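Colleague: I should be grateful for guidance on reading the features of a structure that is new to me.
Modeller: Certainly; let us look at the structure together.

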Amino acid sequence: MPFELISDMVPAGDQPAAIDKLVSNLNSGINKQVLLGVTGSGKTFTIANVIAQTQLPTLIISHNKTLAGQLYQEFKELFPKNKVSYFVSYYDYYQPESYLPASDTYIAKEVEINDLIDKLRLEATSSLFSGPDNIVIASVSCIYNVGDPRNFSGRTLSLNLGDLWNRRSLFESLVSLYYTRSEMEFKRAQFRVRGDTVEIWPAYADWLLVLEFDTANKIKKIIQRNPFSGTEFNLSDFILYPAKLFVGGQGADLKTIFKKIRSDCQKQVSIFKSQNKILEAHRLEQRVEYDLEMLSELGYVNGIENYSIYFEPERKSGSPPYTLVDYFHHLWGDNFLTVIDESHVTVPQIGGMFLGDLSRKTNLVNFGFRLESAFDNRPLKWDEFYARVPKVIYASATPAEFEINDTLSSSKALKLYSFSDLIIEQIIRPTGLVDPPVTVKPSTGQIPDLISEIQKRVDHQERTLVLTLTKKMAEELSGFLSKTFKTAYLHADIETLDRSDILDKLRGGDFDVLVGINLLREGLDLPEVSLVAILDAGLPGFLRSRSSLIQIMGRASRHLNGQVILYADTVSDAMRGAISEVNRRRVIQLKYNQNHHLTPTSIVKSIRPRLIENPVKDIVVSPLLDLDISSLTPTMRQTHVKKLRKEMRTAAFVLDFELAIKIRDKIREVEKL
């Protein structure tokens, strides 16, 4: 169905002009544009209107998983009848395979996959084949190899009422799509048999597919069933997609593929031996043979992506890998829209992925841990990515020089277009809110002053963001502030979906203060925050650059009483530039408010349902801490330490660091005995 934007909001302020220009330019063949939208001006709503008016399938790329999750929820609300998907890296923990020659240290690949994000990724790729009314919110992981979309769409199982199926053939077809049979625990990417009924849990769904067969082995019913409520819908047909993103070509000749892999392995082994690298030669032979045995028996091996080039006969070595962007190209050619959100950060991130991956792979290949085919499993280079995204909107409050120059240079042939036609400013906030005033205070006595300022916000049930320069400083400050306020700490070690939960709890009042380093910047939508305090604001560096300071200041621009405090002993050029730009925007907004008799009002937004619920149980550990350990036997003490460690991790998880430290000290006391 067509995109249908459903919202009580109507475009206001600068939004109508921005929407008209963006849509008009796209319709006129202007394929590179910049949306310079300040925080709180409604860039998301503007983009949603552009999508609704152009009806283009859209890929939205964010540099930050937390921001991507927020955008995913926002677009799902704006387009409830269309398909909005979430595609980010599915690792809660990722240790890439690597080798450090200096210390002769091999680090095996180690991952912890988040099951929910894995489901959402598969849901995204599967939904794309159902029609053009698709919006995919992605992180930079969208430029990494996921396999040929033609193979993914070709490896499907078509099920229709009346189809005759041999039971064994059906099971083999399911296994070929990487579904496993289970009779005990039943979860995604599994199937089970109950008499004449076969139940399949699609890897990308929250419901079951139930096939009922008659005595002649024909499908008499296809049912979609909720596994918990039991709600059912009858279907006439269904197409089942694979349970993994990377699949080999249909009918791939494994014998031929294995022969080619062994041949390439022997060539590399011969080269190693000619160089007297006997260890490397032996290492490579062992690794390849093990992987081929696993592939032969199971059809899959951890690290199969390093052999991806062999399963894609149409792709030549050295050519770009297939990524999520290729799914859009495969289905709609050049007729889709790419929005690069917070482009001043996202564009450099996309451009920097390839070289980092190449450096790691070079050591693995040179020392016999991988075949040269590992080089073909890589992220896209910038020019490869750029060639695949024909229609682009760079969205940022602080666009970098590249985005501006790219927009202007790509439209040089169209001399009718001026700078203002291509760099589209969205400065006016429909709410009338003005950029927060900025106060510079000395670093001396900054913590007592900060506590005083936070207390003022707590008294009015408002929230505070505090930004430090280092992780250690953030940890220590968070622990210190937690003695007085309900304090949380946001950092990169917190799992992807839990970050959104922490932000929601800040909004809901579970926390008064949120301390962070680099995650509390672009795009975070926190209307309850009225104070942003930046420590060491005058020091040089990326985290205190002009654009970074403007982005951080913007977190306080959604509240009527918003204020920014910069703690610094000297006013740097970056501070001076950021304050000047904020003051320029203040003048524009104040003039608009005066001309339109607009009274500023704080943004009010309900807290959306969380992507994942992690209820935290109350911790009762005083009996463990108060227990007389001298009365315990050695075995009992060992058991007691295990219990203490579990409680310590739980306390740290809920950010109760004081309690975690007490338990840690108790553990040390027991271990001394």
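The dialogue below takes up backbone angles, aromatic pairs, charges over rings and burial in this predicted model.

Colleague: How is the sign of phi to be read, and what is the phi of Gln55?
Modeller: Most residues other than glycine have a negative phi. Gln55 is not a glycine, yet its phi is positive, at about 60 degrees. Gln55 belongs to the loop between α2 (43–54) and β2 (58–61). Ala189 also has a positive phi, near 65 degrees, and is placed in the loop between β10 (180–181) and β11 (190–194).

Colleague: Is Ala189 buried or exposed?
Modeller: Ala189 is buried, because its relative accessible area of 17% is under the 20% cut-off. Gln55, at 32%, counts as partly exposed.

Colleague: How many aromatic pairs does a search of the whole structure find?
Modeller: The search finds 21. One of them joins Phe152 and Tyr327 edge-to-face, with 6.0 Å between centres and 65 degrees between the planes. This pair links distant parts of the chain, since Phe152 in helix α5 and Tyr327 in helix α9 are 175 residues apart. Both Phe152 and Tyr327 are buried, and they belong to one aromatic cluster with Phe129, Tyr204 and Tyr241.

Colleague: Which residue lies over the face of Phe87?
Modeller: That residue is Arg121, at 4.2 Å from the ring centre. Likewise, the charged end of Arg167 sits over the ring of Phe213, 5.6 Å from its centre.

Colleague: Why is helix α17 described as largely enclosed?
Modeller: Six of its eight residues are buried, so helix α17 is largely enclosed by the rest of the structure. Among them are Leu549, Ile550 and Met553.

Conventions: Residues are numbered from 1 along each chain as its sequence is written. This is a predicted model: local features need pLDDT of at least 70, side-chain atom pairs count only at pLDDT 80 or more; totals for chains, interfaces and linings use all residues. Side-chain values use heavy atoms; hydrogens and water are left out. Helices (H or I, at least four residues) and strands (E, at least two) are DSSP runs, numbered from the N terminus. Buried means under 20% relative accessible area, exposed over 50%, partly exposed in between (1.4 Å probe, protein chains only). Rings of Phe, Tyr and Trp (its six-membered ring) pair if their centres lie within 6.5 Å; planes under 30 degrees apart count as stacked, over 60 as edge-to-face and the rest as tilted. A charge sits over a ring if NZ of Lys or CZ of Arg is within 6 Å of the ring centre and within 35 degrees of the ring normal.
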